[in-house]
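Let's take a stroll through a protein model together. Keep the picture open while you read, and look up each spot as we get to it.

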Amino acid sequence: GKPRPAKKVVGARRVTCIGLALSGAEALTVPTTLSYWGSIERLDLVWALLRMILHGPAEKATHNGFFDYFYLADHGVRPVNWIWDTLAMHHALDPADDHGLAYCASIDTRQPFWKDMKDAKEGDDDTVGASAPSQESFWTYCAIDAAVARWYLLFH
(Lines give C-alpha, C1' and ligand atoms only; values in the text may rest on other atoms or scores of the structure.)
Protein backbone atom coordinates (compact mmCIF):
# COMPACT_ATOMS: atom_id res chain seq x y z
CA GLY A 1 0.00 0.00 0.00
CA LYS A 2 0.78 3.65 -0.11
CA PRO A 3 2.99 4.78 2.79
CA ARG A 4 1.42 7.18 5.26
CA PRO A 5 3.24 10.31 6.41
CA ALA A 6 4.91 10.06 9.80
CA LYS A 7 2.84 11.32 12.71
CA LYS A 8 4.16 14.31 14.58
CA VAL A 9 4.71 13.43 18.22
CA VAL A 10 5.37 16.18 20.73
CA GLY A 11 6.97 14.95 23.94
CA ALA A 12 6.53 11.55 25.50
CA ARG A 13 3.26 9.76 24.95
CA ARG A 14 1.03 9.88 28.00
CA VAL A 15 -2.58 9.71 29.07
CA THR A 16 -3.76 13.34 29.30
CA CYS A 17 -7.47 12.58 29.64
CA ILE A 18 -9.97 9.74 29.56
CA GLY A 19 -13.32 9.92 27.79
CA LEU A 20 -16.29 8.05 29.18
CA ALA A 21 -19.64 7.77 27.40
CA LEU A 22 -22.99 6.53 28.64
CA SER A 23 -24.53 6.87 25.18
CA GLY A 24 -23.84 8.33 21.77
CA ALA A 25 -25.08 11.68 23.10
CA GLU A 26 -23.64 11.71 26.64
CA ALA A 27 -19.94 11.73 27.36
CA LEU A 28 -17.46 13.30 29.72
CA THR A 29 -13.74 13.79 29.78
CA VAL A 30 -11.62 13.35 32.89
CA PRO A 31 -8.30 15.25 32.68
CA THR A 32 -5.36 13.26 34.04
CA THR A 33 -2.61 15.87 34.23
CA LEU A 34 -0.91 17.41 37.22
CA SER A 35 -1.30 20.85 35.64
CA TYR A 36 -5.09 20.44 35.70
CA TRP A 37 -5.49 18.97 39.21
CA GLY A 38 -2.80 21.12 40.86
CA SER A 39 -1.39 18.55 43.29
CA ILE A 40 -0.14 15.00 43.26
CA GLU A 41 -2.68 14.09 45.96
CA ARG A 42 -5.65 15.23 43.86
CA LEU A 43 -4.24 13.57 40.73
CA ASP A 44 -3.69 10.31 42.65
CA LEU A 45 -7.31 10.47 43.83
CA VAL A 46 -8.51 10.93 40.22
CA TRP A 47 -6.51 7.90 39.11
CA ALA A 48 -7.90 5.90 42.05
CA LEU A 49 -11.45 6.81 41.01
CA LEU A 50 -10.73 5.95 37.37
CA ARG A 51 -9.32 2.59 38.51
CA MET A 52 -12.55 1.92 40.44
CA ILE A 53 -14.64 2.72 37.34
CA LEU A 54 -12.50 0.76 34.89
CA HIS A 55 -11.96 -2.18 37.24
CA GLY A 56 -15.69 -2.32 38.01
CA PRO A 57 -18.18 -4.86 36.68
CA ALA A 58 -19.78 -2.64 34.02
CA GLU A 59 -19.12 -3.77 30.45
CA LYS A 60 -16.60 -1.58 28.63
CA ALA A 61 -16.12 -0.71 24.99
CA THR A 62 -13.27 0.99 23.15
CA HIS A 63 -12.15 1.80 19.64
CA ASN A 64 -8.63 0.40 19.21
CA GLY A 65 -8.57 -0.51 22.87
CA PHE A 66 -5.20 -2.26 22.72
CA PHE A 67 -3.64 1.19 22.28
CA ASP A 68 -5.52 2.52 25.33
CA TYR A 69 -4.85 -0.62 27.38
CA PHE A 70 -1.09 -0.31 26.83
CA TYR A 71 -0.91 3.26 28.16
CA LEU A 72 -3.44 2.74 30.96
CA ALA A 73 -1.31 -0.14 32.29
CA ASP A 74 1.41 2.43 33.10
CA HIS A 75 -1.04 3.80 35.69
CA GLY A 76 -2.04 0.43 37.12
CA VAL A 77 -5.30 0.43 35.16
CA ARG A 78 -6.30 -2.79 33.44
CA PRO A 79 -9.96 -2.48 32.46
CA VAL A 80 -12.18 -5.35 33.58
CA ASN A 81 -15.06 -6.55 31.37
CA TRP A 82 -13.63 -4.85 28.31
CA ILE A 83 -15.62 -6.93 25.86
CA TRP A 84 -16.18 -4.71 22.82
CA ASP A 85 -13.73 -3.03 20.52
CA THR A 86 -15.48 -1.24 17.68
CA LEU A 87 -12.30 -1.18 15.57
CA ALA A 88 -12.01 -4.97 15.80
CA MET A 89 -15.73 -5.36 15.12
CA HIS A 90 -15.47 -3.17 12.01
CA HIS A 91 -12.39 -5.09 10.91
CA ALA A 92 -14.38 -8.33 11.10
CA LEU A 93 -16.95 -6.89 8.68
CA ASP A 94 -14.39 -6.00 5.99
CA PRO A 95 -10.68 -6.57 6.74
CA ALA A 96 -9.63 -4.59 3.66
CA ASP A 97 -11.51 -1.42 4.66
CA ASP A 98 -10.27 1.51 6.74
CA HIS A 99 -11.13 1.08 10.43
CA GLY A 100 -10.33 4.48 11.93
CA LEU A 101 -13.08 5.97 14.06
CA ALA A 102 -13.37 9.07 11.84
CA TYR A 103 -13.83 6.89 8.76
CA CYS A 104 -16.38 4.64 10.47
CA ALA A 105 -18.29 7.69 11.67
CA SER A 106 -18.17 9.29 8.22
CA ILE A 107 -19.88 6.35 6.55
CA ASP A 108 -22.25 5.24 9.32
CA THR A 109 -23.20 8.35 11.32
CA ARG A 110 -24.13 11.99 10.87
CA GLN A 111 -21.34 13.12 13.20
CA PRO A 112 -19.53 16.09 11.62
CA PHE A 113 -15.77 15.63 11.26
CA TRP A 114 -14.06 16.40 14.58
CA LYS A 115 -10.59 14.88 14.31
CA ASP A 116 -8.92 18.17 13.37
CA MET A 117 -9.47 19.21 17.02
CA LYS A 118 -6.81 16.69 18.06
CA ASP A 119 -3.98 19.00 17.05
CA ALA A 120 -4.98 21.18 20.00
CA LYS A 121 -3.09 18.81 22.32
CA GLU A 122 0.28 19.53 20.73
CA GLY A 123 2.44 21.39 23.18
CA ASP A 124 0.36 20.25 26.17
CA ASP A 125 2.91 19.55 28.85
CA ASP A 126 2.40 19.12 32.57
CA THR A 127 5.34 21.40 33.33
CA VAL A 128 4.46 24.14 30.86
CA GLY A 129 0.75 23.69 30.23
CA ALA A 130 -1.21 24.61 27.16
CA SER A 131 -3.61 27.46 26.78
CA ALA A 132 -7.10 26.83 28.12
CA PRO A 133 -8.79 26.81 24.69
CA SER A 134 -6.38 24.11 23.47
CA GLN A 135 -7.02 21.92 26.49
CA GLU A 136 -10.76 22.43 26.21
CA SER A 137 -10.64 21.57 22.50
CA PHE A 138 -8.78 18.36 23.25
CA TRP A 139 -11.22 17.44 26.04
CA THR A 140 -14.11 18.01 23.64
CA TYR A 141 -12.34 15.87 21.04
CA CYS A 142 -11.88 13.10 23.60
CA ALA A 143 -15.55 13.20 24.63
CA ILE A 144 -16.69 13.10 21.00
CA ASP A 145 -14.45 10.07 20.39
CA ALA A 146 -16.03 8.28 23.36
CA ALA A 147 -19.58 9.20 22.31
CA VAL A 148 -19.05 8.17 18.67
CA ALA A 149 -17.54 4.82 19.70
CA ARG A 150 -20.49 4.25 22.05
CA TRP A 151 -23.02 5.20 19.35
CA TYR A 152 -21.24 2.90 16.92
CA LEU A 153 -21.45 0.01 19.38
CA LEU A 154 -25.16 0.56 20.04
CA PHE A 155 -26.15 0.62 16.37
CA HIS A 156 -23.90 -2.01 14.84
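**A hairpin, two cysteines and a threonine**

Strands β1 and β2 make a hairpin, and five residues lie between the two of them. What you're looking at is a predicted model, but let's stay with the hairpin for a moment. Strand β1 covers residues 17-21 and strand β2 covers residues 27-31; they run antiparallel, and five bridges join them. If you'd like to check one pairing yourself, find I18: its bridge partner in β2 is V30.

How much should you trust the picture? Across the chain, the pLDDT averages 80, and 77% of the residues score at least 70. Confidence is highest in helix α2 (residues 40-54), with 96, and lowest in helix α5 (residues 101-108), with a mean of 73. There's also a stretch to read with care: over residues 120-133, the pLDDT is below 50. In the model, that stretch has 17 contacts beyond near neighbours in sequence.

Now on to the cysteines. How many disulfides does the structure hold? The count is zero. As a reminder, a disulfide is a covalent bond between the sulfur atoms of two cysteines. So why don't C17 and C142 count as one? The closest cysteine sulfur to that of C17 belongs to C142, but it sits 3.5 Å away, which is too far for a bond. To count as a disulfide, the two sulfur atoms would have to be within 2.5 Å. Look from the other end and you get the matching answer: for C142, the closest cysteine sulfur is in C17, at 3.5 Å. Is each of these cysteines buried or exposed? C17 counts as buried because its relative accessibility is 10%, under the 20% cut-off. C142 is buried too, with a relative accessible area of 12%.

Our last stop is T62, which you'll find in strand β3 (residues 60-62). T62 has a relative accessibility of 17%, so this residue counts as buried as well. What does the side chain of T62 reach? One answer is the backbone nitrogen of G65, at 3.2 Å. The side chain of T62 also makes a polar contact with the side chain of W82, at 2.9 Å. Leaving aside residues up to four places away in sequence, T62 touches D68, W82, W84, D85 and T86. So W82 turns up twice around T62: in the polar contact between side chains and in the list of residues that T62 touches.

Terms used. Residues numbered from 1 in each chain as written. Heavy atoms only, no water. Pairing = 2+ DSSP bridges. Helix = DSSP H or I, 4+ residues; strand = E, 2+ residues; numbered from the N terminus. Buried < 20%, exposed > 50% of the residue type's maximum accessible area, 1.4 Å probe, protein only. pLDDT = per-residue confidence, 0-100. Contact = heavy atoms within 4.5 Å. Polar contact = N/O pair within 3.5 Å; in protein donor to acceptor, adjacent residues only side chain to side chain.
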